[in-house]
Structures are given as C-alpha cells and as structure tokens.
Amino acid sequence: DPGLHIVATPIGNLGDMTLRGLATLAAADLIVCEDTRVTRVLLARYAIARRLIAYHEHNAAAQRPRILRELAAGHAVALVSDAGTPLISDPGYRLVAEAVEAGHAVVPVPGASAMLAALVASGLPTDAFFFAGFLPQKEGARRKRLAALVAVPGSLVFYESARRLAAALADMAAVLGGARPAVVARELTKTFETYRRGSLAGLAAELAGEDAPKGEIVVVIGPPEETAPDAADIDTLLIGLLETGTV
Ligand code: SAM
C-alpha cells in the first residue's frame, strides 16, 4: 500500500521478526534503512530483494526530499533501522513528521524494541514509565539531565553503552538516590541475556569494581518513593490557591 511503513526488526533474536513486517518489506517499492549492509543481511535471510537506500544522521537532510517524492508518487516506502523499532533512539522522526505534514499515510508495523523488552522483564512498575534514551556522555551534562528526571512519577528507562555503564550508574545513584531499585538488562533476546537487579547504589558499587560488561544494555530504574505531603506543604499549597483566587 502507498505510504510510509515503519517496520520493527529484531534486537538480536531473528525469531522476533514479525510476519507482517516481512510481508511489508517484500511489498515495498523502496526500503529506507540505516546501514544497507545490516539490512541486506536481514533481507537475504528471507530472500527479499527490494530497492534499498541509506538514511542516517549524516545524509538525512539530503535524503528526505527524495523519500518524500517517492511517497508523493504513491510508492510504498518501508523504514527500518539496524535493530528494533525505528525512531526509538534511531533515525526517522523528521521523516515521519514531514510525511504526516504532507498528508501521506504513515503505518506502524510494530515489533521488538529493547526498551519495552527490558521494562516488562525488569520486575519494576510498568503502569507509568519514562523512556529517556541515551544520556549525555559527559558527566556534567549527564547529571543535569538526570536532575531533570528525579521527580518523574514512574519507572525510568535508559539506553547505555557498556563502556559508560559504571560511570552512568554512579551518576544515577548520586542524582536520583542510591536507594531506588534498578535493573541492568544486557543482551536482550540473545544467548547471553542477563539481568542484574539491586539498588542503584549497590549496582553502582558492584560495577565500579568490575571490567566493563560486553554487549548491549538497558537500565531500568524504579519510581521515586511516594512521600505523603506534610502539613507545611499543604499550607503552602492552600495559600497559593487562595492567592491566585482558585478557591
Ligand atoms: N531502535 C532500537 C530499539 O527499538 O530498541 C534501539 C536503537 S539504539 C541505537 C541501540 C541501543 O538500544 C543499544 O545501545 C542498547 O542500549 C539498546 N539495545 C538494543 N538492542 C538491545 C539488546 N538486544 N539488549 C539490550 N539492549 C539493547
């Protein structure tokens, strides 16, 4: 069908490729991917041979008009990333925004995403969560970003590189509070899938004394503890409401 189809691909285990995803790729006039080498391996496995172009940080601005022209011509365009769901810490947001703006059909073909896989296996609350993607690499910027997340009333989900995991956990413990429960999920859906659970302070201390782990990592952190408002807070709230004429 004409339009932009956002197709999820596996995050490790090829069994997670969906039937609808494969049918969508096989029927596409054009497949837009991150790295053509990575996507060619996936397509070869299912004997799918379609026109392929790369769309990534460095060529996105130049490629977008070209892809929008294909959509305007009534072609079926499939968007994939190297792994998981496109647009989730991966390219595609601007392309989708411009496709919507231009009135083209935009169709999700859902499947694997590391953030949901980690969240649902974490054992931490799932009723409300905030996906925070990758933290900044420099400590100052990272702590600032974390400080803005302290009061989010739900679990927090981060992508992190194995190399920076220990440093990130140390900052998380320092800024978010060492007592918050956390899970480090590694190599989801792959042979060496592992979960390490503990308090942020405990995990930070453990990881500080080890070699950097290998593989891909998601960090999930439980919500801040709910504290009942004390009398002084309620007074302040009421005074505020009275002053603004709300009550
Ligand atoms: N779009 C992808 C998705 O939907 O999950 C995420 C792409 S992002 C560039 C890559 C990051 O996702 C990795 O650095 C890691 O934090 C996380 N990730 C991807 N696959 C993973 C896996 N199998 N296990 C753990 N984390 C994974």
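**A mixed sheet and two unusual loop residues**

In this predicted model, strand 6 (residues 129–134), helix 6 (residues 139–147) and strand 7 together form a β-α-β unit that is right-handed. The two strands of this unit run parallel and are joined by five bridges. Individual partners can be named: Phe129 of strand 6 is bridged to Ser155 of strand 7, and Phe130 has Leu156 as its bridge partner in strand 7.

Strand 7 also pairs with strand 10 (residues 216–221), here in the antiparallel sense and over six bridges. Leu156 takes part in this pairing, since its bridge partner in strand 10 is Ile221. Leu156 is therefore a convenient residue from which to follow the pairing, with Phe130 as its partner in one direction and Ile221 in the other.

These pairings belong to an open sheet of five strands, whose order is 6-7-10-8-9 and whose pairing is mixed. Strand 6 and strand 9 are the edge strands, each of them pairing on one side only. On average, neighbouring strands of the sheet are turned by 20 degrees against each other, direction ignored. As a general point, side chains in a regular strand alternate between the two faces of the sheet.

How is strand 7 placed with respect to the rest of the structure? Of the seven residues of strand 7 (residues 155–161), five are buried, so the strand is largely enclosed by the rest of the structure. A residue counts as buried here when 20 or more other C-beta atoms lie within 10 Å of its own.

A helix accompanies the sheet as well. Helix 5 (residues 114–122) lies across strand 6, strand 7, strand 8, strand 9 and strand 10. Relative to strand 10, helix 5 runs at about 50 degrees.

Two loop residues deserve attention for their backbone angles. Most residues other than glycine have a negative phi. Ser89, although not a glycine, has a positive phi of about 50 degrees. Ser89 is found in the loop between strand 4 (76–79) and helix 4 (93–101). Ser89 counts as partly exposed because it has 16 C-beta neighbours inside 10 Å, a number between the limits of 12 for exposed and 20 for buried.

Glu187 is likewise not a glycine, and has a positive phi of about 55 degrees. The loop that holds Glu187 lies between strand 8 (181–186) and strand 9 (194–199). With 17 other C-beta atoms within 10 Å, Glu187 is partly exposed.

Conventions
Residues numbered from 1 in each chain as written. Predicted model: local features only at pLDDT ≥ 70, side-chain atom pairs only at ≥ 80, totals over all residues. Helix = DSSP H or I, 4+ residues; strand = E, 2+ residues; numbered from the N terminus. Pairing = 2+ DSSP bridges. Right-handed = clockwise from strand over helix to strand, strands pointing away. Axes fitted to C-alpha atoms, helices over the stretch in contact; angles between N-to-C directions. Contact = placed C-beta atoms within 7 Å.
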